[in-house]
Amino acid sequence: QVQLVESGGGLVQAGGSLRLSCAASGIISSSNTMAWYRQAPGKQRELVAVINSGGFTHYPDSVKGRFTISRDNAKNTMYLQMNSLKPEDTGIYYCNAKNYSGSRVTGDYWGQGTQVTVSS
């Protein structure tokens, strides 16, 4: 079982920055992805950034150039550096980890979420 704990959320003015952390404990396979999702009130959860065990990253256009995902495998911790924040970035940010065996997902884990509020 994998446990994920997010931290670093808070209230920030538009144009400001925040850094989120996700600490993972438990068994993470050598083939895995870790990702950040967010959910705004009344909206579906959406992908914000993903990084795989090889360091490959992907961002949707809405955050590309402003957000940076990274991971420290020695610490089992993932980060999301968010710069030039906009009010539309407001939401609950969730950490996600998936373990793979080949192309098969063998585990799909979520953190409890951390609130990010960007004021205009």
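What share of the 120 residues in the chain do buried residues make up? In this predicted model, the figure comes to 42%, and I would like to go from the chain as a whole to two of its residues.

Starting with the secondary structure, the chain has 11 strands and zero helices, and its radius of gyration is 14 Å, close to the 14 Å that the globule rule gives for 120 residues, so the chain is as compact as a globular protein of that length. Along the principal axes, the C-alpha atoms fill a box of roughly 45 × 25 × 25 Å. If we take the contacts between residues at least 6 apart in sequence, 54% of them join residues at least 24 apart. As for the surface, the chain exposes about 6,300 Å², of which carbon and sulfur atoms supply 49%, while the 11 positive and 7 negative side chains form two sets whose centres lie 3 Å apart.

Now to the first residue, Ser21, which sits in strand β3, spanning residues 18-26, and which counts as buried because its relative accessible area, at 17%, falls under the 20% cut-off. Beyond its neighbours within four places in sequence, Ser21 is in contact with Val5, Glu6, Ser7, Trp36, Thr77, Met78 and Tyr79.

The other residue, Arg66, lies in the loop between β6 (57-58) and β7 (67-72), and Arg66 is likewise buried, with a relative accessible area of 11%. Its side chain makes a polar contact with the side chain of Asp89, at 2.8 Å, and, with neighbours within four places in sequence again left aside, the residues in contact with Arg66 include Gln81, Met82, Asn83 and Asp89.

Terms used: Residues numbered from 1 in each chain as written. Predicted model: local features only at pLDDT ≥ 70, side-chain atom pairs only at ≥ 80, totals over all residues. Heavy atoms only, no water. Helix = DSSP H or I, 4+ residues; strand = E, 2+ residues; numbered from the N terminus. Buried < 20%, exposed > 50% of the residue type's maximum accessible area, 1.4 Å probe, protein only. Contact = heavy atoms within 4.5 Å. Polar contact = N/O pair within 3.5 Å; in protein donor to acceptor, adjacent residues only side chain to side chain. Rg over C-alpha atoms; globule rule 2.2 N^0.38 Å. Areas by Shrake-Rupley, 256 points an atom, 1.4 Å probe, with all protein chains shown as cover. Lys, Arg positive; Asp, Glu negative; His and termini not counted. Charge placed at Lys NZ, Arg CZ, Asp CG, Glu CD.
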